[in-house]
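Welcome to a short tour of one protein chain. Have the sequence and the model open beside you as you read.

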Amino acid sequence: QTRYRGVLEDLNNTSKAKLLNEGGNVLKEVHVSKLADTLKEGSEGVKAVVLDGIITQRVLDLAVEKNITSVVGVKLGNIAKLPTSVEILTKDDLS
C-alpha cells in the first residue's frame, strides 16, 4: 500500500492515472478522461490503476473485466456494486 501512496502523491492535482504492472512499475500514464478507453483498448500486464480522481463504477467494471487487482483513487464515487475481486483503496486508506 505504501507504493500506491507515493504514486497517488505524484499524481496529486494532475487529473492523470497511472497503470502499473505486477512489480509496481508504471506501464502508462493517461489523462483520467481517457482512462476507460485506455483500459478497454489495451491493458495487458496492468495489475493496478492509480488515479487522481474519483473511482467510478465504470472503472471498477473494467478492472474486473481486465483482471486488474487494485484500483486506487482520491475517493470512491457512487458505486452500485462493489467487485470482490478488486482491492479498492482511497487516499484515506493510505494515510
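What percentage of the 95 residues in the protein chain do buried residues make up? In this predicted model, buried residues account for 40% of the 95. Let us begin with the overall build and then move to the sheet and the C-terminal end.

**The chain as a whole**

The protein chain contains four helices and seven strands. Read from the N terminus, its elements follow the order α-β-β-α-β-β-α-β-β-β-α. Its radius of gyration is 12 Å, close to the 12 Å that the globule rule gives for 95 residues, so the chain is as compact as a globular protein of that length. Here are some whole-chain values side by side:

| Property of the protein chain | Value |
|---|---|
| Span of the C-alpha trace along its principal axes | about 25 × 25 × 25 Å |
| Exposed area | about 5,400 Å² |
| Share of the exposed area from carbon and sulfur atoms | 45% |
| Share joining residues at least 24 apart, among contacts between residues at least 6 apart in sequence | 32% |

**The sheet**

Now for the strands. Five of them make up an open sheet, with mixed pairing, in the order β2-β1-β3-β5-β7. Why is one side of β2 and of β7 left without a neighbour in the sheet? Both β2 (26-31) and β7 (87-90) stand at the edges and each has a single partner strand, so one side of each stays unpaired within the sheet. From one strand to the next, the twist averages 15 degrees.

Look next at one pairing inside this sheet. Strand β1, residues 16-20, and strand β3, residues 48-51, run antiparallel and are joined by four bridges. If you would like a landmark for this pairing, find L20, which stands opposite A48 in β3.

**The C-terminal end**

Finally, follow the chain to S95, in the segment after α4 (91-94). Is S95 buried or exposed? Its relative accessibility is 78%, and because exposed means over 50%, S95 counts as exposed. The side chain of S95 also has a polar atom 3.0 Å from the backbone oxygen of D92.

How far apart in space are S95 and Q1, which are 94 residues apart in sequence? Their C-alpha atoms are 9.7 Å apart. You can pick out both residues in the viewer to see this pair for yourself.

Key:
Residues are numbered from 1 along each chain as its sequence is written. This is a predicted model: local features need pLDDT of at least 70, side-chain atom pairs count only at pLDDT 80 or more; totals for chains, interfaces and linings use all residues. Side-chain values use heavy atoms; hydrogens and water are left out. Two strands pair if DSSP finds at least two bridges between them. Helices (H or I, at least four residues) and strands (E, at least two) are DSSP runs, numbered from the N terminus. Axes are lines fitted to C-alpha atoms, for helices over the stretch in contact, and angles run from 0 to 180 degrees between N-to-C directions. Buried means under 20% relative accessible area, exposed over 50%, partly exposed in between (1.4 Å probe, protein chains only). A polar contact is a pair of N or O atoms within 3.5 Å; within protein, one must be able to donate a hydrogen and the other to accept it, and residues adjacent in sequence count only if both atoms are side-chain atoms. The radius of gyration is taken over C-alpha atoms; the globule rule is 2.2 Å times the number of residues to the power 0.38. Contact means heavy atoms within 4.5 Å. Accessible areas come from the Shrake-Rupley method with a 1.4 Å probe; for residues, only the protein chains shown count as cover.
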